[in-house]
Each structure stands twice: as C-alpha cells, then as structure tokens.
Amino acid sequence: MKTKEIKIRDVEEKIVNKIDWLAAQKHQSREEYLRMLLRRLTEAPFLVERNASYIEVMGMLELKIEEHIKLLKALREDLK
C-alpha cells in the first residue's frame, strides 16, 4: 500500500496532550491513534449512506409485515 505523509503544524499543546491521553487509553501511539481517526473520518460518509439504506429497507419490511398481519387476521376470520 502506497502511503503519503501528512504534517500538521501549530497545534495547541493542550490538544496534543488530549490526543496523547486518548491514544494512551487505547494503548496506541499518537500516530496510530491519528491514523485510526483519519480512517474513520474518511469512512463516515459511506457509513451514513449505508445506514440510510438500512433504514429505508427496514421501513419497507415493516409495511410488508403489517400487510401480512392483516392478511393472516382476515384468514383467521374466514376459518371461524
């Protein structure tokens, strides 16, 4: 995998300290932690889109289930 270098200058010390603390909580180096955050950041739009698709499918399934429940109730009444 080909990689490129990213440098960020003039980051406030308190922010760097917070990043270091968060990385330590995950037993990661600052570099590993920032790579993980960048990966999540770039995957977020895809995940949001996928989630919207799942919500749409769940809505369609809910409607179909309600239709089937009505049909089953009608069949039960016909069998009485």
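I15 is partly exposed, with 38% of its accessible area open in relative terms. The model in which this residue is seen is a predicted one. I15 belongs to helix α1, which covers residues 13-25. Together with I6, I8, V11, L38 and L41, I15 makes up a nonpolar patch on the surface, with an area of about 610 Å². Patch members need over 30% relative accessible area, and I15 at 38% therefore passes that cut-off.

Two members of this patch, I6 and L38, come up again in a look at the largest pocket, where both are among the residues nearest the centre. A helpful idea to keep in mind here is that rolling a probe the size of a water molecule over the atoms shows where empty space is left. For the largest pocket, the volume comes to about 750 Å³. Its lining counts 18 residues, and those nearest the centre are I6, E31, L34, R35 and L38. Helices α1 and α2, the latter spanning residues 30-79, each give at least two residues to this lining. The largest share, six residues, is supplied by α2. Sorted by class, the lining is made of nine nonpolar residues, eight charged residues and one polar residue.

The charged side chains invite a closer look. In general, side chains of opposite charge can pair when their charged atoms come close. Six salt bridges are present in the structure. One of them joins the side chains of D20 and R30, with 2.6 Å from N to O. This pair connects distant parts of the chain, since D20 sits in helix α1 and R30 in helix α2, ten residues apart. Are the two partners buried or exposed? D20 has a relative accessibility of 28% and so counts as partly exposed. R30, at 42% relative accessible area, is partly exposed as well.

Another salt bridge is formed by the side chains of R35 and E31, where N and O are 2.2 Å apart. What separates these two residues along helix α2? R35 and E31 are four residues apart in that helix, which means a separation of about one helical turn. R35 counts as partly exposed because its relative accessibility is 44%. Both partners also appear in the list of residues nearest the centre of the largest pocket, so this salt bridge can be looked for there when viewing the model.

A further salt bridge links K80 with E77, and the closest N and O atoms of this pair are 3.6 Å apart. K80 and E77 are both exposed.

Two alanines help to give a sense of distance along helix α2. A44 is located in α2, and A74 is found in α2 too. A44 has a relative accessible area of 31% and is therefore partly exposed. A74, with a relative accessibility of 40%, also falls in the partly exposed class. How far apart are the C-alpha atoms of A74 and A44? The separation is 45 Å, for residues 30 apart along the chain. A44 can also be set against K18, which is 26 residues away along the chain; the C-alpha atoms of these two residues are separated by 22 Å.

Key
Residues are numbered from 1 along each chain as its sequence is written. This is a predicted model: local features need pLDDT of at least 70, side-chain atom pairs count only at pLDDT 80 or more; totals for chains, interfaces and linings use all residues. Side-chain values use heavy atoms; hydrogens and water are left out. Patches are made of residues with over 30% relative accessible area and no salt bridge: like charges are joined within 9 Å, nonpolar side chains (Val, Leu, Ile, Met, Phe, Trp, Tyr) within 5 Å. Accessible areas come from the Shrake-Rupley method with a 1.4 Å probe; for residues, only the protein chains shown count as cover. A salt bridge is a side-chain nitrogen of Lys or Arg within 4 Å of a carboxyl oxygen of Asp or Glu. Buried means under 20% relative accessible area, exposed over 50%, partly exposed in between (1.4 Å probe, protein chains only). On a 1 Å grid over the protein atoms alone, a cavity is a set of points where a 1.4 Å probe fits but cannot get out, and a pocket is an open set with protein on both sides within 12 Å along at least five of seven lines; lining residues have an atom within 4 Å of a point. Grid points are joined across faces, edges and corners, and a volume is the space filled by probe spheres set on the points. Ala, Val, Leu, Ile, Met, Phe, Trp, Tyr, Cys and Pro count as nonpolar, Asp, Glu, Lys and Arg as charged, and the others, Gly among them, as polar.
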